[in-house]
Amino acid sequence: MALAAATTLLGGAMYANANAASVQSDPSTGVSASPSTPGSTSPSSPGPTSSSRPSTSASAPEPTGTAGTGSSVSDVVDAANAFLDTLDDDQQADALLDFTQANATAWSNEACGATCRVGIELSTLSDTQLAAAEAVVEAATGTGTDTGYDQISQILAADDVLGETDSSYGSGNYYLAFLGTPSTSGTWQLHFGGDQLAVNLTYKDGEVVGTTPYFAGVEPASWTDDGTTYAPLSGMHDGMESMLEGLSDDELSEAELSDATTDVVLGPDADGDFPDTKEGLAVSELTDDQQQLVLDAITPWVEASDDTTAASTLSAYESDLDDTYISYSGTTALDTAGDYVRIDGPGVWIEFSVKDGVVDTGQLNYSSVYRDHDTDYGGEFSFS
C-alpha cells in the first residue's frame with residue numbers, strides 16, 4: 001500500500017516551522033554560492049557521490065497531523081544548508097539555481113517531470129538526503145492537521161496511490177530547488193512541487209515576503225489505507241462548501257458566474273493574468289456570520305505557510321473582506337465534475353475546481369490554486 005512503506009520519502013526528521021518574527025540578526029548561510037547562470041553553483045563541502053542514490057522511486061511519508069513548535073527563518077536556512085551539504089557537486093548544481101522569473105514560474109499540475117520543472121528529483125536521493133529534504137519542507141510550512149506539511153505529505157501519498165496504476169505518477173517525481181542562496185540576508189525562494197503541488201515561498205532579508213503561488217491538488221480526493229481514511233483537501237473543500245451553503249438564494253444568484261468554469265483559471269503559465277473586474281457577490285453585502293465563513297474558507301490555503309506568516313496574512317485578508325468577492329459555477333455541493341468556486345480580494349485569489357479523475361475516471365480530482373495579487377513570488381516579477 002502507498003503508506004505502508006512511508007518511512008523513505010523525505011526521511012523522518014521532525015523540524016518545526018518558520019517564524020519570521022524571531023529571525024536571528026546574523027546571517028547563517030552555511031553554503032557559499034554565486035551562480036551566474038541557472039543551475040550554476042560553487043557550494044562547499046560536497047556530499048555523497050552518485051553511487052549513494054537509490055535506483056527505485058521514493059515512497060511518501062505517512063501523514064501524522066503532528067504540529068511542530070515553530071522556529072525561525074534562520075532554522076529554515078540551516079535546514080536548507082544541511083540538505084545542500086548532503087549533495088555532491090552535480091546534485092548541488094541541480095538544486096541551487098538563480099532566482100529568475102523563468103526558474104520561479106517553472107511549476108505545473110501536469111505529470112511532465114523535468115520538462116516543466118527545475119530542481120533535484122526526489123527519486124534520485126539517498127535516504128539520508130531525503131531526510132534532509134523533509135527537514136527543509138517541514139521547517140518552512142504550517143504545523144496544522146490537513147494543512148502545511150501534513151497536507152503536503154498526504155498529497156504526495158495520493159500520488160503514490162496513482163502510481164500503483166500509472167507509473168508516470170508517484171512521490172519520487174517531485175522536485176526541490178532553492179532559487180538564490182538560502183540566507184537570512186538577500187532574496188531567495190524555496191521551490192518545491194510535482195504534478196499535484198507547487199510550493200513557492202519567498203524570503204527577503206530574513207522575512208517571508210511571499211507564500212504564493214500555492215497549487216494543491218489531489219486524486220483520488222480520498223482513499224483508505226490500513227483502516228485510515230485520507231482526504232488532503234477536505235478542509236479546503238468543506239470551507240468553500242460551507243461558505244456557499246451560508247448564502248441565500250438571492251445571494252447565490254448574484255454569486256453565480258455567467259459562464260461555466262471547469263478548471264482553475266490562474267494555474268501554471270497564467271502568472272499575472274488576474275481579471276480586470278471582480279465577479280460575483282461582494283462580501284461587503286454579507287452578515288458578520290457569513291463574512292466569517294468567507295474567512296474560514298480562506299484559512300486552509302493561508303495555513304500552508306509557516307504559522308506566524310499565516311496569521312499575519314489572514315489578518316490582512318480579513319481587513320480586505322469588504323473589497324472581496326465570491327463566485328461559483330456548477331453546484332454548491334462541490335461534489336460534481338464542473339463545480340467551481342473562487343474568492344477574489346485586493347490581495348487574496350483562491351480557486352477550487354472539481355473534475356473527473358485523470359487516472360481513475362471513477363474518482364474525483366480536486367484542483368486549487370492560491371495566489372496573491374501583489375506578492376506572488378515575493379512581488380519580484382512584473383507580468384503585465
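## Charge pairs, aromatic pairs and a surface patch

Lys-278 counts as partly exposed because its relative accessibility is 28%. The model in which this residue is described is a predicted one. The partner of Lys-278 is Asp-344, and the two side chains form a salt bridge with an N to O distance of 3.0 Å. This pair links distant parts of the chain, 66 residues apart: Lys-278 belongs to the loop between H7 and E12, and Asp-344 to strand E14 (residues 340–344). Asp-344 has a relative accessible area of 2% and is therefore buried.

**Salt bridges**

Side chains of opposite charge can pair when their charged atoms come close. Across the whole structure, the search finds five salt bridges. Among them are the three listed here.

| Salt bridge | Closest N and O atoms |
|---|---|
| Lys-355 and Asp-263 | 3.4 Å |
| Lys-278 and Asp-344 | 3.0 Å |
| Arg-371 and Asp-376 | 2.8 Å |

In the salt bridge between Lys-355 and Asp-263, Lys-355 is in strand E15 whereas Asp-263 is in the loop between H7 and E12, so the contact ties together parts that are 92 residues apart in sequence. Asp-263 is partly exposed because its relative accessibility is 29%, which falls between the limits of 20% and 50%.

The salt bridge between Asp-376 and Arg-371 has both of its residues buried. Arg-371 and Asp-376 are also joined with Asp-271 into one network, through salt bridges that share partners.

**Aromatic pairs**

The structure as a whole contains 14 aromatic pairs. One of these is formed by Phe-274 and Trp-349, with ring centres 5.8 Å apart and planes at 75 degrees; the pair is edge-to-face because an angle over 60 degrees is counted that way. Phe-274 lies in the loop between helix H7 (249–255) and E12, and Trp-349 lies in strand E15 (residues 348–356), so that the pair links distant parts of the chain, 75 residues apart. Both rings belong to buried residues: Phe-274 has a relative accessible area of 15%, and Trp-349 one of 0%.

The rings of Tyr-377 and Phe-383 also have their centres 5.8 Å apart, but their planes meet at 55 degrees, and the pair is therefore tilted. Tyr-377 is buried, with a relative accessible area of 0%, whereas Phe-383 is partly exposed, at 24% relative accessibility. Elsewhere, one aromatic cluster is formed by Phe-83, Phe-178, Trp-188 and Tyr-203.

**A contact involving helix H1**

Val-73 belongs to helix H1 (residues 73–85). With a relative accessibility of 0%, Val-73 counts as buried. The C-alpha atoms of Val-73 and Thr-184 are 7.0 Å apart in space, although the two residues are separated by 111 residues in sequence.

**A negative surface patch**

Asp-249, Asp-250, Glu-254 and Glu-285 form a negative surface patch. Glu-285 is placed in the loop between strand E12 (281–282) and helix H8 (288–302). Its relative accessibility is 45%, and Glu-285 therefore counts as partly exposed. This value satisfies the patch requirement because patches are made of residues with over 30% relative accessible area.

Terms used: Residues numbered from 1 in each chain as written. Predicted model: local features only at pLDDT ≥ 70, side-chain atom pairs only at ≥ 80, totals over all residues. Heavy atoms only, no water. Patch = residues over 30% accessible without salt bridge, like charges linked within 9 Å, V, L, I, M, F, W, Y side chains within 5 Å. Areas by Shrake-Rupley, 256 points an atom, 1.4 Å probe, with all protein chains shown as cover. Salt bridge = Lys/Arg side-chain N within 4 Å of Asp/Glu carboxyl O. Lys, Arg positive; Asp, Glu negative; His and termini not counted. Charge placed at Lys NZ, Arg CZ, Asp CG, Glu CD. Helix = DSSP H or I, 4+ residues; strand = E, 2+ residues; numbered from the N terminus. Buried < 20%, exposed > 50% of the residue type's maximum accessible area, 1.4 Å probe, protein only. Phe/Tyr/Trp six-rings, centres within 6.5 Å; stacked < 30°, edge-to-face > 60°.
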